[in-house]
Amino acid sequence: MTVGCLALNSSFEPLTLVPLRRALRLVIDGKAEIVEADSERLVRSAYCAYPRPIVIRLTRFIHVPRRFRRQVTNTFLFARDAYTCQYCGRASARLRTRESLTRDHVVPLSRGGTNTWTNVVTACSSCNTRKAHHLPDEIGMHLVRPPTEPHFVHLSWAVRRLTPIQSKYIRTFYGANVLHQIEALDNRGAVERPA
Ligand SMILES: [Zn+2]
């Protein structure tokens, strides 16, 4: 399993996982410093050997636009809803062969609905087809739970694998509770996502 290097903003806010080579480049260029490294495993560049970086911190603060963070993607949407259809309550593992998870707009786009976190839910393809251009109430469908905008960190980390050392930085910045929720999401996804 390849685990990337966790990149922190200069404020220690966890930003993303970057490939090892990219992390090393940032360090060599003086754009980041190594916060945690595996000194048992060296990575060689043209001129020297470095301990393998596990966590790096950018030397200059970078501004991450809110809009980018809040973009709805199916990967994050399905993770938010625990890979479960929000109408019939079936998890992805219980779907039939020709069914799949899809994005449903609670208020359909054709009726003025928007593509925002509070108007999209995970739906199996059967429920999505049945609902079509209706509002749930109109055809007796009910949401398992109303959609909410998830905390950025839930989305960002729900679909990634973290090492224990990297998890420590997530916990430090966001609290143990958030880390626990992320791990719960991660486990569920691994179990229920079809191969
Ligand atoms: Zn369904």
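Select Gly 175 to begin: this residue, just after helix α6, takes a positive phi of about 100 degrees. Please bear in mind throughout that the model is predicted.

**Helix α6**

From Gly 175, step back into helix α6 and display residues 164-174. Which residues of this helix are buried? They are Gln 166, Ser 167, Tyr 169, Ile 170 and Tyr 174. These buried residues lie on the same side of α6, because they cover an arc of only 155 degrees around the axis. An α-helix has 3.6 residues a turn, so residues three or four places apart point the same way. Now turn to the other side of α6, where Pro 164 and Thr 172 are exposed.

**Helix α1**

Next, select residues 20-28, which form helix α1. Colour Ala 23, Leu 24, Leu 26 and Val 27, the buried residues of this helix. Viewed down the axis of α1, the buried residues fall within an arc of 160 degrees, so they line one face of the helix. What do the buried residues of α1 pack against? Add four strands to the selection to see the partners: β1 (5-8), β2 (14-18), β3 (32-44) and β4 (49-58). Just after α1, Gly 30 can be labelled as well; its phi is positive, at about 75 degrees.

**Ala 37 in strand β3**

Move along to strand β3 and select Ala 37. Is this residue buried, partly exposed or exposed? With a relative accessibility of 32%, Ala 37 is partly exposed, because that class covers values between the 20% and 50% limits. Show its neighbours next: leaving aside residues up to four places away in sequence, Ala 37 touches Pro 51, Arg 52, Pro 53 and Ile 54. A distance can also be drawn from Ala 37 to Ile 56, whose C-alpha atoms are 8.6 Å apart in space although the two residues are 19 apart in sequence.

**The zinc site**

Now centre the view on the zinc ion. Its protein donors are the SG atoms of Cys 85, Cys 88, Cys 124 and Cys 127, lying 2.3 Å from the ion. Along the chain, these donors follow the spacing C-x2-C-x35-C-x2-C. Why is the arrangement tetrahedral? The four donor atoms subtend angles of 101 to 117 degrees around the zinc ion, and therefore the arrangement is tetrahedral. For four tetrahedral donors, the ideal angle at a metal is 109.5 degrees. Compare two of the donor residues in a surface view: Cys 85 is buried, with a relative accessible area of 0%, whereas Cys 88 is partly exposed, at 37%.

**The whole protein**

Zoom out to display the entire chain. The protein has seven helices and six strands, and from the N terminus on its elements run β-β-α-β-β-α-α-β-β-α-α-α-α. Of the 195 residues, 44% are buried. Among contacts between residues at least 6 apart in sequence, 64% join residues at least 24 apart. With the surface switched on, the protein exposes about 11,300 Å², of which carbon and sulfur atoms supply 53%.

**Confidence**

Finally, colour the model by pLDDT. The mean for the protein is 83, and 80% of the residues reach 70 or more. Select residues 189-195 as the last stop: pLDDT stays under 50 here, and the model has 11 contacts beyond four places in sequence for this stretch. Where pLDDT is low, the predicted coordinates should not be read in detail.

Key: Residues numbered from 1 in each chain as written. Predicted model: local features only at pLDDT ≥ 70, side-chain atom pairs only at ≥ 80, totals over all residues. Heavy atoms only, no water. Helix = DSSP H or I, 4+ residues; strand = E, 2+ residues; numbered from the N terminus. Buried < 20%, exposed > 50% of the residue type's maximum accessible area, 1.4 Å probe, protein only. Contact = heavy atoms within 4.5 Å. Areas by Shrake-Rupley, 256 points an atom, 1.4 Å probe, with all protein chains shown as cover. Donors = N, O, S within 2.8 Å, 3.2 Å for Na, K, Ca; no water. Tetrahedral: all angles 85-135°; square planar, octahedral: opposite > 155°, others 65-115°. pLDDT = per-residue confidence, 0-100. Arc of directions from axis to C-beta.
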